[in-house]
Structures are given as structure tokens and as C-alpha cells.
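Here are my notes for anyone opening this structure cold. Have the sequence and the 3D view side by side as you read.

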Amino acid sequence: MQSEAIICLKCRHLLPRTGYHLRRGNPVEQLFWGRIPLIAASACFEFRKSGGVQNMLHSLKYEGVRDIGLEIGRIYGRELMQADVFAERELIIPVPLHPNKLRVRGYNQSELFARGLAESIPGAAFSPAVERIVHTSTQTRKSRFERWKNVETVFSPSGDYIAALKNKRILLVDDVVTTGATLESCAAVLLRNGAHSVAIACIAAA
């Protein structure tokens, strides 16, 4: 079975799942309370240092194993269908990389995750509707405030897609959520440009 070759059944069983998509007020949602009006937020796995999720994400981001992102998206999309607030999403938009970083890496891991989700959520379409217009420094070792300032004005709606955002129920996705600063900045752009509502889904929560 091809999907098992990408992530074996034993690994799927051992990876720490959160179940957050079925828990309102879960820790990922709480990150955004008082900051931005999200309809829901979730992550598939708990990120633990030196654990299986970290190893899997490293393979996805730095070793070119792109199928991991697609497969996690397909798996998590089927789980998200258990919750109406995620099942009704119309556009799935990944947090973008800056073009310079995209050229170096060759792909956006969050886009792969988004495409996998779109395969499993009926009626939802993948859309590259947001672009990163400023190349920011790494978020590693930054405080919460420093992370927020680092991404405060780095995103913009892609010109060809602005009209498509109007009144749409959007699922914004990324690989890992830590403080939520990047996702908050990106979600603000979507809401300012007419999105009906924004929910968030990530591969892992740190």
C-alpha cells in the first residue's frame, strides 16, 4: 500500500495525536484568543523534541521527502471531516515562503500539506492566495513579541486571487505552530480582504 510506505502503520499509531479538531478551546485555539477572531484552530500532532514528529518534519523540510506533507494532509483531512467547522472550509491556503527561500528549498512544505488536505476535504480547493513580500529572519530563539514584530507586515494577498477571498470560509495551514505569530499575521490579511471566516490547521503544535 503506497500510503503505508510513506508513513508506516506502526509510526501512525505511535505518533502523538492531539484530537484538537474535536476540542473547542484547545491549546492551539487559546494561542489566538484576544489576538484575532478565528472560527477554529487545530494541529494533528504534538511536537516533541527528538521525537517521531520532529524526525518526520525534518525529512519533509530538509531532506526533500515531499510525499510526507501530502500524505499527512490526506490523513488529517479525513479526520477534520469529523468536525463541521473544518468540513465546511472552501479554500485551503498555505502560509507562503518568501521567493528566495522557495528557490533554495525548491518547495513549500506547508503547500504540500495544504494540497493533501484539499484531496480529503470535499468541496475545498487549494489556493495560493497569499504571498510573502518580505524576507524575515528565522523565528528560532525569538520571544513572542519579537516573533510577532518579525512577521507583522510580511504578507499580502496575491493580486490574481484577491476577489476569490470574498466571503470564503478559509482553512489557513502551516507545518508547525509555536507562538502563532506567523499564522496571526497571515490570517489578518485574509480577514482584511473579505474572508467570511478563517480556521487554522497545522501538522504539529510545539
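The points below go from the overall layout to the sheet, a helix, and then the empty spaces.

1. **What you are looking at.** Keep in mind that this is a predicted model. The protein chain has 206 residues, and 53% of them count as buried. You'll find ten helices and seven strands in the chain. Long-range contacts are well represented: of the contacts between residues at least 6 apart in sequence, 77% join residues at least 24 apart.

2. **The sheet.** Start with the strands, as they give you a frame for the rest. Five of them make an open sheet, in the order β1-β7-β6-β2-β3, with parallel pairing. At the edges sit β1 and β3 (125–126), each of which pairs on one side only. As general background, strands of a sheet pair through backbone hydrogen bonds, either parallel or antiparallel.

3. **Walking across the strands.** Try following the pairings one at a time. β1 and β7 run parallel and are joined by six bridges; to find the spot, look for A43, which stands opposite C202 in β7. Next, β7 pairs with β6 in the parallel sense, this time over eight bridges. Here V173 has A201 in β7 as its bridge partner. Moving on, β6 also pairs with β2 (residues 91–94), again in the parallel sense, over four bridges. A handy marker for that pairing is I93, which stands opposite L172 in β6.

4. **How enclosed is β7?** Nine of the nine residues of β7 are buried, so the rest of the structure largely encloses this strand. That strand is also the one with β1 as a parallel partner over six bridges and β6 as a parallel partner over eight.

5. **Helix α4.** Which residues of α4 are buried? In this helix (residues 52–62) they are V53, M56, L57, S59 and L60. Looking down the axis of α4, these buried residues fall within an arc of 155°, so they line one face of the helix. The general rule behind this kind of pattern is that an α-helix has 3.6 residues a turn, so residues three or four places apart point the same way.

6. **What sits over that face.** The cover on the buried residues of α4 includes two strands you met in the sheet walk, β6 (169–177) and β7 (197–205), along with β1 (40–46) and the helices α5 (67–80) and α8 (109–120). Just after α4 comes G64, and its phi is positive, near 75°.

7. **A buried glutamate.** E79 deserves a quick look. This residue belongs to helix α5, and with a relative accessible area of 18% E79 counts as buried, because the cut-off is under 20%. What does E79 touch, leaving aside neighbours within four places in sequence? The contacts are R17 and H21.

8. **The cavity.** There is one cavity of 30 Å³ or more in the structure, and the space in the largest cavity comes to about 40 Å³. Its lining is made of I7, R12, L15, R17, F45, I72 and I75. By type, that is five nonpolar, no polar and two charged residues. You'll recognise R17 here, as one of the contacts of E79.

9. **The second largest pocket.** This pocket holds about 210 Å³ of space. Its lining has 14 residues, and those nearest the centre are P96, L97, L102, V130 and E131. Eight of the lining residues are nonpolar, three polar and three charged. Both α7 (99–105) and β4 (130–132) supply at least two residues of this lining, with β4 giving the largest share, three residues.

10. **P96, by the pocket centre.** I'd finish on P96, which is found in the loop between β2 and α7. Is P96 buried or exposed? At 9% relative accessibility, P96 counts as buried. Not counting residues up to four places away in sequence, P96 touches N108, V130, E131, R132, F155 and C186. Two of those contacts, V130 and E131, are also named with P96 among the residues nearest the centre of the pocket. For a sense of the chain coming back on this region, P96 and I133 are 37 residues apart along the chain, and their C-alpha atoms are separated by 9.5 Å.

Note on methods:
Residues are numbered from 1 along each chain as its sequence is written. This is a predicted model: local features need pLDDT of at least 70, side-chain atom pairs count only at pLDDT 80 or more; totals for chains, interfaces and linings use all residues. Side-chain values use heavy atoms; hydrogens and water are left out. On a 1 Å grid over the protein atoms alone, a cavity is a set of points where a 1.4 Å probe fits but cannot get out, and a pocket is an open set with protein on both sides within 12 Å along at least five of seven lines; lining residues have an atom within 4 Å of a point. Grid points are joined across faces, edges and corners, and a volume is the space filled by probe spheres set on the points. Ala, Val, Leu, Ile, Met, Phe, Trp, Tyr, Cys and Pro count as nonpolar, Asp, Glu, Lys and Arg as charged, and the others, Gly among them, as polar. Buried means under 20% relative accessible area, exposed over 50%, partly exposed in between (1.4 Å probe, protein chains only). The arc is that of the directions from the helix axis to the C-beta atoms. Contact means heavy atoms within 4.5 Å. Two strands pair if DSSP finds at least two bridges between them.
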